[in-house]
Amino acid sequence: MNGTAVLQARGLGRKYGRRWALRDCTLDLPAGHVVGLVGPNGAGKTTLLKLAAGWLAPSSGGISVLGGSPAGGPAQLAKIGFVAQDTPVYPGLTVADHLRLGARLNPGWDAALARERIARLDLDPAHRAGKLSGGQRAQLALTLGLAKRPRLLLLDEPVAALDPLARREFLQTLMEAVAELDLSVVLSSHLVSDLERTCDHLIVLVDSRLQVAGEVDDLLATHHRLTGPRRDPGRLPAGQDVVSAHHTDRQSTIIVRTDTPILDPA
Ligand SMILES: Nc1ncnc2c1ncn2[C@@H]1O[C@H](COP(=O)(O)OP(=O)(O)OP(=O)(O)O)[C@@H](O)[C@H]1O
């Protein structure tokens, strides 16, 4: 693994019409990680992934992927794999057709890896993609993404439509691939629970803005949920940054970020 940032964003923003889908995003992702991109529907996850894949141009700020502009020519595009939302495969084409197409379209195509993965998944090469189960379609799309041998693989909500078993199997295959290949991965989900066992790095987007980003262990160590009698979040001890606060008549639930232990008996 090298130490280069796999993705750097500086004040990155993207507007649709007058509305910001992503704004003021500054981010450094080190290489060799599996990064979870989490946020509710409409938070800007797809927008960030498309900016990283070179499918969209920024409206403000800048982004670089593996040291280059994401859409900076064929060599750069070959380094980035993007599996878009809803597992994009061609229903009328067979599994084998997909592999042939992958080989035609990608200069770095690893045919042996593609064949071996299809065999390991027990997929019949003559089967049409439209007749595969959702889980199998997702696995086929992942195989196509991996056989391109990108250095960064971006997956947009890859498990959203899968049942729990298919979800587990998909994430398992992804983890095996990351262990075997020199690969950095960013995958998005609106559920943290999908990602907590898979990712060592987390990016949280809410309302088009970056909320937190960092290593999962660090984030868990420095973020705390405080529940107690209702109080003004502005009156918490110095050094506790309020990330969010919710109140009922009597009770407050506050998420804080702090490097020091929480010693408040209330
Ligand atoms: N092509 C588009 N034209 C106009 N607005 C768009 C377009 N694509 C996205 N948006 C808007 O930008 C915002 C961010 O969308 P985005 O798809 O990035 O969110 P997301 O976090 O991926 O959501 P989801 O989980 O629902 O896929 C949303 O308000 C969305 O409606």
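Asp 24 is found in strand 2, which spans residues 19–30. In this predicted model, phi of Asp 24 is near 50°, a positive value in a residue other than glycine. Most residues other than glycine have a negative phi. Asp 24 counts as partly exposed because it has 15 C-beta neighbours inside 10 Å, a number that falls between the limit of 12 or fewer for exposed residues and that of 20 or more for buried ones.

Strand 2 belongs to an open sheet of three strands with the order 2-1-4 and antiparallel pairing. Strand 2 and strand 4 stand at the edges of this sheet; each has a single partner strand, so one side of each is left without a neighbour in the sheet. From one strand to the next, the twist averages 20°. Strand 1, residues 5–16, runs antiparallel to strand 2 and is joined to it by eight bridges. Two pairs may be named here: Lys 15 stands opposite Trp 20 in strand 2, and the bridge partner of Ala 5 in strand 2 is Pro 30. The two strands form a hairpin with two residues between them, and Gly 17 in the turn has a positive phi of about 60°.

Leu 66 also departs from negative phi, with a value near 50° in a residue other than glycine. Its place is in the loop between strand 4 (60–65) and helix 2 (74–78). Leu 66 has 19 other C-beta atoms within 10 Å and is therefore partly exposed. A further positive phi, of about 80°, is taken by Gly 54 just after helix 1. The positive phi values are collected below.

| Residue | Phi |
|---|---|
| Asp 24 | near 50° |
| Leu 66 | near 50° |
| Gly 17 | about 60° |
| Gly 54 | about 80° |

Helix 1 covers residues 45–53 and gives the most to the shell around the ligand, with three residues. The residues around the ligand are Tyr 16, Ala 21, Gly 39, Asn 41, Gly 42, Ala 43, Gly 44, Lys 45, Thr 46, Thr 47 and His 190. By class, the residues of this shell divide into three nonpolar, seven polar and one charged. Helix 1 is itself mostly covered, with eight of its nine residues buried. The buried residues of helix 1 are Lys 45, Thr 47, Leu 48, Leu 49, Lys 50, Leu 51, Ala 52 and Ala 53. Lys 45 and Thr 47 thus appear both among the residues around the ligand and among the buried residues of helix 1.

A second open sheet is formed by six strands in the order 5-6-7-3-8-9, and its pairing is mixed. At its edges stand strand 5 (80–83) and strand 9 (209–215); each has a single partner strand, so one side of each is left without a neighbour in the sheet. The twist averages 15° from one strand to the next. Strand 5 pairs with strand 6, residues 152–155, in the parallel sense over four bridges. Within this pair, Phe 82 stands opposite Leu 154 in strand 6. Helix 5, residues 134–147, lies across strand 5 and strand 6 and runs at about 170° to strand 5.

The domain assignment of the protein gives domain 1 as 5–219 and domain 2 as 230–257. The C-alpha centres of domain 1 and domain 2 lie 35 Å apart.

Arg 250 is found in the loop between strand 11 (241–247) and strand 12 (251–257). Is this residue buried or exposed? Arg 250 counts as exposed because it has 8 C-beta neighbours inside 10 Å, where the limit for that class is 12 or fewer. Apart from its neighbours within four places in sequence, Arg 250 is in contact with Pro 229 and Arg 230. Between Arg 250 and Pro 237, the separation is 13 residues in sequence and 20 Å in space, C-alpha to C-alpha.

Definitions and conventions. Residues are numbered from 1 along each chain as its sequence is written. This is a predicted model: local features need pLDDT of at least 70, side-chain atom pairs count only at pLDDT 80 or more; totals for chains, interfaces and linings use all residues. Two strands pair if DSSP finds at least two bridges between them. Axes are lines fitted to C-alpha atoms, for helices over the stretch in contact, and angles run from 0 to 180 degrees between N-to-C directions. Two residues are in contact if their C-beta atoms, placed from the backbone, lie within 7 Å. A residue is near a molecule or strand if its C-beta atom, placed from the backbone, lies within 6 Å of it. Ala, Val, Leu, Ile, Met, Phe, Trp, Tyr, Cys and Pro count as nonpolar, Asp, Glu, Lys and Arg as charged, and the others, Gly among them, as polar. Domain bounds come from an automatic or database domain assignment.
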